[in-house]
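Dear colleague,

I am passing on the structure below for you to look through when you have time. My notes on what was found in it follow underneath.

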2 protein chains.
Amino acid sequence: MYLHWYTMSTSTRTRAERKAPEERAAEIQAAARRIALQQGLAAVTLRAVAGAVGVTPALVAHYAPNMDALVAETFGAIVRGELDEVREIVVQPTASRRLARLLSTLLDGSRADVTAVWVESWTLGRRNEALGASVRAEMDAWQQAVQEIIASGVEAGEFHTDDPTAVAWQLLGMIDGLNAHALVRWGAAAERGPLIAHAVEGMLGLPRGALAER
Amino acid sequence: MYLHWYTMSTSTRTRAERKAPEERAAEIQAAARRIALQQGLAAVTLRAVAGAVGVTPALVAHYAPNMDALVAETFGAIVRGELDEVREIVVQPTASRRLARLLSTLLDGSRADVTAVWVESWTLGRRNEALGASVRAEMDAWQQAVQEIIASGVEAGEFHTDDPTAVAWQLLGMIDGLNAHALVRWGAAAERGPLIAHAVEGMLGLPRGALAER
DNA sequence: AACACTATTGATCGAATGATCAATAACAGG
DNA sequence: CCTGTTATTGATCATTCGATCAATAGTGTT
């Protein structure tokens, strides 16, 4: 009796197969990531993860020091994965091309799930200290990546600014804001391409159209 | 026994004074706004609001159809108040001056509490339908206000764009993104002034420095 | 002063959360 | 084959949440 099997879904479970700790830990991490991307960081609960993996909540608790840490780790894994992906996409011969590619990639609307995780992290990170630390670290990593593009452009004489650090922060802020908006009102995703390019041209002292892709 | 008095804080309460419904409703709304600004929309709970007003949770429930609606209403009240404030601040002789004033006002870091409410609303609005509708409505209102400034500038020959609607959305996205970032990493609040001005100059085909205030 | 209306309460549900811990059962090494 | 280690479980707590509703107590009206 007493409901259990956390909760309904595919009831009547047998005892979970015994696995190597590393394997089980990886499963739990993967399930947490899936849940976060599909339903948000707030849905990463003991019971939700346990249900997704097919084990009891107690086992999930056994593998994580506490849920705040698991949420923080999940956030980090998702966001680091995104950065790795984008790093590869953005490989281009010139800084202008890299920057144009970065903008079009991050604003193409195909990463709404990751954007949702970012936005939620800014709120949850205020109460979940581990998450807050992770958020700051990953924002720094992103800023660093963008700054490298800017700096290389300045060095090559393509861009003009005396503060690549600030430009990188500004750029990220713009991107995140536009994506956050698109999360709620996903219109105007297409036509904003040239507009943000013009904005960035203004920031970097470029002539109009310098950042048009192709 | 049985704890109660929701919870500890200033224990041993007497029965709350009987008030006119409108007055009590206003009190509840005000308390909800205060809580949302101080601790976030998620902290607007029956018990928190009741505690702040000095009544029982049941009374708060009596005055609101349900908590989703109260949260949505609270969000709307806060954001409408912000827009009204900014509308007054932004009264200026020329569109360029209005726009410059808008940017400096919204980016001066003095509205972090409202920004936090915005950011949280983008997340909560996905599950709370009433809130979601309110978020879209208030975003539209803001867009409208910004668009008016842009359009007036275009008409006066100060700005150059063929799509004031898109520019307004873009501008809002930038502002919200930068403010959201500042919520987590409030550095770089000062030096970004001229940078965002340059970005907007790029969007509106203005010469560098055209939007410098003073 | 009696009464009708209604603002306010107390008590209580049911659902969901994170967390703990003794008991169980699968596996590995001797 | 036995035994020790440990992955896994079941049961259970204490919190917190939104919500409901009969009972109570102010208030204004007649």
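**The surfaces near the DNA strands**

Near DNA strand C, at least two residues each are supplied by helix H2 (46-53) and H3 of chain A, together with helix H1 (21-39) and H3 of chain B. Please keep in mind throughout that this is a predicted model. There are 23 residues around DNA strand C, and those that come nearest are A:Thr45, A:Asn66, B:Ala16, B:Val55 and B:Ala58. Sorted by class, the surface near this strand has eleven nonpolar, five polar and seven charged residues.

For DNA strand D, the residues around the strand number 22, of which A:Ala16, A:Val55, A:Ala58, B:Thr45 and B:Asn66 come nearest. The elements that give two or more residues to this surface are, in chain A, helix H1 (21-39) and helix H3 (57-63), and, in chain B, helix H2 (46-53) and helix H3 (57-63). The surface near DNA strand D divides by class into ten nonpolar, five polar and seven charged residues.

**Chain A and its two domains**

The secondary structure of chain A consists of nine helices and zero strands, so that, in the notation for elements read from the N terminus on, the chain runs α-α-α-α-α-α-α-α-α. Its C-alpha trace spans about 70 × 30 × 30 Å along the principal axes.

The domain assignment divides chain A into domain 1 (1-64) and domain 2 (67-203), and the C-alpha centres of these two domains of chain A lie 31 Å apart. Their contact takes eleven residues from domain 1 of chain A and 14 residues from domain 2 of chain A. On the side of domain 1 that touches domain 2, H1(A) gives the most, with five residues, and the residues of that side divide into eight nonpolar, two polar and one charged.

One helix pair that you may wish to inspect in chain A is H1(A) with helix H4 (residues 67-89) of chain A, which pack at an angle of about 75 degrees with their axes 9 Å apart. H1(A) and H4(A) are therefore roughly perpendicular to each other. From H1(A) the contact draws on A:Gln29, A:Ala32, A:Arg33, A:Ala36 and A:Leu37, and from H4(A) on A:Leu70, A:Thr74, A:Ala77 and A:Ile78. By class, this contact of H1(A) with H4(A) has six nonpolar, two polar and one charged residues.

**Where chain A meets chain B**

The contact between the chains takes 34 residues from chain A and 35 residues from chain B. On the side of chain A that touches chain B, at least two residues each come from helix H6 (112-124), helix H7 (129-155), helix H8 (164-184) and helix H9 (192-203) of chain A, and H8(A) supplies the largest share, 14 residues. The residues of this side of chain A divide into 18 nonpolar, nine polar and seven charged.

How, then, do H8(A) and helix H8 (residues 164-184) of chain B pack, and at what angle? The angle is about 110 degrees and the axes are 7 Å apart; H8(A) and H8(B) are therefore roughly perpendicular to each other, and their crossing is right-handed. In this contact, A:Gly173, A:Met174, A:Ile175, A:Asp176, A:Gly177, A:Leu178, A:Ala180 and A:His181 of H8(A) meet B:Leu172, B:Gly173, B:Met174, B:Ile175, B:Asp176, B:Gly177, B:Leu178, B:Ala180 and B:His181 of H8(B). Those residues divide into nine nonpolar, six polar and two charged.

**A helix pair within chain B**

In chain B, the axes of helix H4 (residues 67-89) and helix H6 (residues 112-124) come within 11 Å and cross at roughly 135 degrees, which makes H4(B) oblique to H6(B). The crossing of H4(B) and H6(B) is left-handed. On the H4(B) side the residues are B:Phe75, B:Ile78 and B:Glu82, and they meet B:Val114, B:Val117 and B:Ser121 in H6(B). By class, the contact of H4(B) with H6(B) has four nonpolar, one polar and one charged residues.

With kind regards

Methods
Residues numbered from 1 in each chain as written. Chains lettered and ligands numbered in written order. Predicted model: local features only at pLDDT ≥ 70, side-chain atom pairs only at ≥ 80, totals over all residues. Near = placed C-beta within 6 Å. Helix = DSSP H or I, 4+ residues; strand = E, 2+ residues; numbered from the N terminus. Nonpolar A, V, L, I, M, F, W, Y, C, P; charged D, E, K, R; others polar. Contact = placed C-beta atoms within 7 Å. Domains from an automatic or database assignment. Axes fitted to C-alpha atoms, helices over the stretch in contact; angles between N-to-C directions. Parallel < 35°, antiparallel > 145°, perpendicular 65-115°, else oblique. Left-handed = near helix turned anticlockwise from the far one by under 90°.
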